Structures are given as C-alpha cells and as structure tokens.
Amino acid sequence: MKILIVEDEKLLADSLKTLLESKGFDVETVYDGISGAEYAELGVYDLLILDVMMPGSVRARRCGVPILMLTARSSLEDRVEGLNAGADYYLTKPFDTRELLACINALLRRQGAEGNELSYGNTALDLSSGTL
C-alpha cells in the first residue's frame with residue numbers, strides 16, 4: 001500500500017513516515033500543498049494524509065483516493081469544512097497512533113484493499129513536543 005503524506009511540519013511528517021513504514025506501508029512525504037497536489041495527481045497512491053486544506057482541489061481533479069485530514073484545526077466548523085471539501089476522515093492533533101492506524105486501516109478496507117494487520121501498542125504521538 002502506498003501512502004502520500006502532505007505535512008508542512010517536517011519533523012512530524014518524517015515521524016509519520018517512519019511509523020507507517022514500520023507497519024509495511026510504502027510512504028512518500030512532501031512538505032507543502034502545491035507539491036502535494038502535484039503528487040496526488042499522479043494517481044499512484046492508495047491513501048492521502050493531508051495537513052493542508054487541499055482535499056477540494058484533489059477531488060476536483062477526479063482523484064478518488066481516500067483522504068485523511070490530519071490537522072490542528074479542531075473546531076466544529078473546521079471539521080465540517082474539511083469533510084465537505086472532500087476528506088473521508090478528519091483526525092485532529094494531537095492524536096494517538098492507535099487511532100491513526102485504525103483510521104488508515106478503515107479507509108483502506110473501504111477501498112477494498114487488504115489492509116495490513118496493524119499491530120500497535122499504547123504509543124502515542126505527542127504533537128506538542130514533536131516526538132513519538
């Protein structure tokens with residue numbers, strides 16, 4: 001399974017990449033929305049994890065890949081806007097890695113993909129400190 005992470009916080013993006021690669025995913029990271037949209041258009045990904053509000057632009061290009069919004073914007077209005085713009089799931093920071101992995105597995109399962117058996121413990125990703 002191939003995942004694209006679009007996240008402007010390089011440390012977080014690289015931590016997510018390391019985590020997901022340890023679970024058997026093939027992961028690419030980009031650090032800005034413009035590059036992220038260009039990569040997403042390639043159509044080679046099974047899942048997009050986006051921090052920036054670009055799901056609408058991705059959806060406008062007829063991209064049917066599942067989108068997981070991963071953002072610090074947590075108000076009800078932000079969540080509704082993100083989902084209405086095309087995100088399939090909206091996860092707010094900080095989050096627990098167990099929930100992140102469960103979301104990824106659920107989104108991939110909905111696409112008919114056989115999700116990897118994700119084994120995870122109680123490790124939490126603390127985004128306030130930028131460390132796992």
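In this predicted model, residues 24 or more positions apart account for 49% of the contacts in the protein chain that have a separation of 6 or more. Of the 132 residues in the chain, 42% are buried. The accessible surface comes to about 6700 Å², and carbon and sulfur atoms hold 48% of that surface.

The secondary structure consists of five helices and seven strands. Followed along the sequence, these elements come in the pattern β-α-β-α-β-α-β-α-β-β-α-β.

Five of the strands form an open sheet, and their order across it is β2-β1-β3-β4-β5. The pairing in this sheet is parallel. At the edges stand β2, residues 26-30, and β5, residues 89-92, each of which pairs on one side only. From one strand to the next, the twist averages 20 degrees. In general, the strands of a sheet pair through backbone hydrogen bonds, and the pairing can be parallel or antiparallel.

The sheet can be walked strand by strand, starting from the β2 edge. β2 and β1 are joined in the parallel sense over five bridges, and within this pair Lys 2 stands opposite Asp 26 of β2. To get from β1 to β2 the chain passes through α1, and this β-α-β crossover is right-handed. β1 itself is mostly covered, with four of its five residues buried. On to β3, β1 pairs in the parallel sense over four bridges; here Leu 4 has Leu 48 in β3 as its bridge partner.

β3 then runs parallel to β4, and three bridges join the two. One partnership between them is that of Ile 49 with Leu 68 in β4. The last step goes from β4 to β5, a parallel pairing over four bridges, in which Leu 68 stands opposite Tyr 89 of β5. β4, helix α4 (residues 76-84) and β5 together make a right-handed β-α-β unit.

Which way do the side chains of the inner strands point? In a regular strand, side chains alternate between the two faces of the sheet. In β3, Leu 47 and Ile 49 point one way while Leu 48 and Leu 50 point the other way, and all are buried. β4 is likewise covered on both faces: Ile 67, Met 69 and Thr 71 are buried on one side, and Leu 68 and Leu 70 are buried on the other. Since five of the five residues of β4 are buried, the strand is largely enclosed by the rest of the structure.

Two of the helices can be placed against the strands. α1 lies across β1, β2, β3 and β4, and runs at about 175 degrees to β2. Helix α2, residues 33-40, lies across β1, β2 and β3, and runs at about 160 degrees to β1.

The next topic is the packing of nonpolar residues. In soluble globular proteins, nonpolar side chains tend to be buried together. The largest nonpolar core in this model has 21 residues, and those with the most contacts inside it are Ile 3, Ile 5, Leu 20, Ile 49, Leu 68, Leu 100 and Ile 104. The elements that give two or more residues to this core are β1 (2-6), α1 (10-22), β3 (47-50), β4 (67-71) and α5 (97-110). Among these, α5 gives the most, with six residues.

Ile 49 shows how these elements meet. Leaving aside residues up to four places away in sequence, Ile 49 touches Ile 3, Leu 4, Ile 5, Val 6, Leu 20, Leu 68, Leu 70 and Ile 104. Apart from the largest core lies another, of 13 residues, including Leu 50, Val 65, Ile 67 and Ala 87.

One backbone detail remains, just past the β5 edge strand. Most peptide bonds are trans. The bond from Lys 93 to Pro 94, however, is cis, with omega near -5 degrees. Pro 94 has its place in the loop between β5 and β6, the latter being residues 95-96.

Methods:
Residues are numbered from 1 along each chain as its sequence is written. This is a predicted model: local features need pLDDT of at least 70, side-chain atom pairs count only at pLDDT 80 or more; totals for chains, interfaces and linings use all residues. Side-chain values use heavy atoms; hydrogens and water are left out. A nonpolar core is a set of buried Ala, Val, Leu, Ile, Met, Phe, Trp, Tyr and Cys residues joined through side-chain atoms within 4.5 Å. Buried means under 20% relative accessible area, exposed over 50%, partly exposed in between (1.4 Å probe, protein chains only). Contact means heavy atoms within 4.5 Å. Accessible areas come from the Shrake-Rupley method with a 1.4 Å probe; for residues, only the protein chains shown count as cover. Two strands pair if DSSP finds at least two bridges between them. Axes are lines fitted to C-alpha atoms, for helices over the stretch in contact, and angles run from 0 to 180 degrees between N-to-C directions. A crossover is right-handed if, with the strands pointing away from the viewer, the path from the first strand over the helix to the second runs clockwise.
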